[in-house]
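Trainee: I am new to this structure and would like a close look at a single part of the interior. Please start there and then work outwards to whatever connects with it.

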Amino acid sequence: MGEAKQRKTFSQRIREDQPFCIFCGGETPSETVEHYPPRSIFDGKHRPKGMEFGACKECNEASREADLVVATLSRMMPDPKTAAGREEVRKLINSVCRIPGFAQEFQPDWNQAATLNRLRDIAPQLPSWNFVRIDGPIVAKSMTVFASKLGLALHTVTTGRILPTSGAVAIQWYSNLQAYQDALPKEFLAMCGPGRTLRQGNFEVGEQFRVASVVPDEDCAMSAHFASFRQSFAVLMFATEQPEDVHKGWSVSPGFLKRPLAVVPVQQTPS
């Protein structure tokens, strides 16, 4: 039995341990293995093992466009230091600009001087005075899909449970500019501590991805997470089995990847 299990592929072992899709409430058999955050987030698509999940094919593939947009946004700061890194960013930008409307949406702020004047108190701290709008519908939808899916994944990691379809995930995302404006959720971050990253032996990706989590109740019905991606953006995610906890705001339920998003929260912040 032990030798037979060792001969199984990595994908087979994950699906055996997680026989149901974690992204649609555990009601659909897993058909694939989803790496989340996806490989495209990481330099050279090279990530340590960890955070692999059983997923149905539809939930796995439904975030493909969102993953591409977010992978591109995650490279906005800092600039890559190697020729290979710069080439990877070039390919990402070429790919993401094939999404209809994205090239028109993701443009420099039309009034750089006005933005700089508005931010004059923190301007000396900023690494760049080239501001980019990130409040368009494609970016907003992509970030919403990505963060909500990541919230479901992190809930499973921290509680050992799949969020049921009766539960909900609420998200908020932050630009790097908001970090310079001291607009991150400081009280929550103080509760979380320094956070963690993916690690495999000496290989770790803390400069590319880091997450801090809190599970406030012993029954593991809730979890909250704050994940940062390079120096580009961060997302706050709140998952609960009691959807009334988030009904005052915007949220999605497991299985949302199989349904159109009725409302997408848009944030009015330059990066």
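Mentor: Leaving aside neighbours within four places in sequence, Leu150 is in contact with Tyr36, Pro37, Met51, Ala227, Phe229, Val235 and Met237. This comes from a predicted model. Leu150 belongs to the largest nonpolar core, which has 48 residues, and is one of the four that touch the most other members, together with Phe23, Phe229 and Val235. Two of these, Phe229 and Val235, are also among the contacts of Leu150.

The core draws on many elements. At least two residues each come from β2 (52–55), α4 (64–73), α5 (83–96), α8 (137–159), β3 (168–175), β6 (209–214), β7 (222–229) and β8. Of these, α8 gives the largest share, 10 residues. A separate core of eight residues lies apart from this one, and Phe188, Cys192, Ala212 and Ala234 are among its members. As a general matter, nonpolar side chains in soluble globular proteins tend to be buried together.

For the wider setting, the protein chain has 10 helices and eight strands. Buried residues are 48% of its 271 residues. Among contacts with a separation of 6 or more, 69% join residues 24 or more positions apart.

One of the contributors to the core, α4, can be taken by itself. This helix is mostly covered, with seven of its 10 residues buried. Those seven are Ala66, Asp67, Val69, Val70, Ala71, Thr72 and Leu73. The cover over them includes α5, α6 (102–105), α8 and β8.

Return now to the contacts of Leu150, which include Tyr36 and Pro37. The peptide bond between those two, from Tyr36 to Pro37, is cis, with omega near 5 degrees. Pro37 sits in the loop between β1 (32–35) and β2. A second cis bond joins Met77 and Pro78, where omega is about -5 degrees. Pro78 is in the loop between α4 and α5. In general, most peptide bonds are trans, and most residues other than glycine have a negative phi.

Two residues depart from that last tendency. Lys45 is not a glycine, yet has a positive phi of about 55 degrees. Lys45 lies in the loop between β1 and β2, the loop that also holds Pro37. With a relative accessibility of 55%, Lys45 counts as exposed, because the cut-off for that class is over 50%. Arg230 is the other case: a positive phi of about 50 degrees, again without being a glycine. Arg230 is placed in the loop between β7 and β8. Its relative accessible area is 13%, so Arg230 is buried.

Arg230 leads on to a pocket. Along with Asp43, Pro78, Pro80 and Lys81, Arg230 lies nearest the centre of the second largest pocket, which is lined by 15 residues. Pro78 therefore appears twice here, once at the cis bond after Met77 and once in this lining, because an atom within 4 Å of a pocket point makes a residue part of the lining. The pocket contains about 420 Å³ of space. By class, its lining has seven charged, four polar and four nonpolar residues.

Beyond β8, two charged residues remain to be described. Glu241 lies in the segment after β8. At a relative accessible area of 17%, Glu241 is buried, because the limit for that class is under 20%. Its side chain makes a polar contact of 2.6 Å with the side chain of Arg161. Leaving aside neighbours within four places in sequence, Glu241 is in contact with His155, Arg161, Leu163, Pro164, Ser166, Gly167, Cys220 and Ala221.

Arg259 is also in the segment after β8 (233–240). Its relative accessibility is 44%, so Arg259 counts as partly exposed. Beyond its neighbours within four places in sequence, Arg259 is in contact with Ser253 and Pro254. A polar atom of the Arg259 side chain lies 3.4 Å from the backbone oxygen of Ser253. Arg259 and Ala62 are 197 residues apart in sequence, but 9.7 Å apart in space, C-alpha to C-alpha.

Technical notes. Residues numbered from 1 in each chain as written. Predicted model: local features only at pLDDT ≥ 70, side-chain atom pairs only at ≥ 80, totals over all residues. Heavy atoms only, no water. 1 Å grid on protein atoms, 1.4 Å probe; cavity = no way out; pocket = protein on both sides within 12 Å on 5 of 7 lines; lining within 4 Å. Points joined across faces, edges and corners; volume = space filled by probe spheres on them. Nonpolar A, V, L, I, M, F, W, Y, C, P; charged D, E, K, R; others polar. Helix = DSSP H or I, 4+ residues; strand = E, 2+ residues; numbered from the N terminus. Buried < 20%, exposed > 50% of the residue type's maximum accessible area, 1.4 Å probe, protein only. Contact = heavy atoms within 4.5 Å. Polar contact = N/O pair within 3.5 Å; in protein donor to acceptor, adjacent residues only side chain to side chain. Core = buried A, V, L, I, M, F, W, Y, C linked by side-chain atoms within 4.5 Å.
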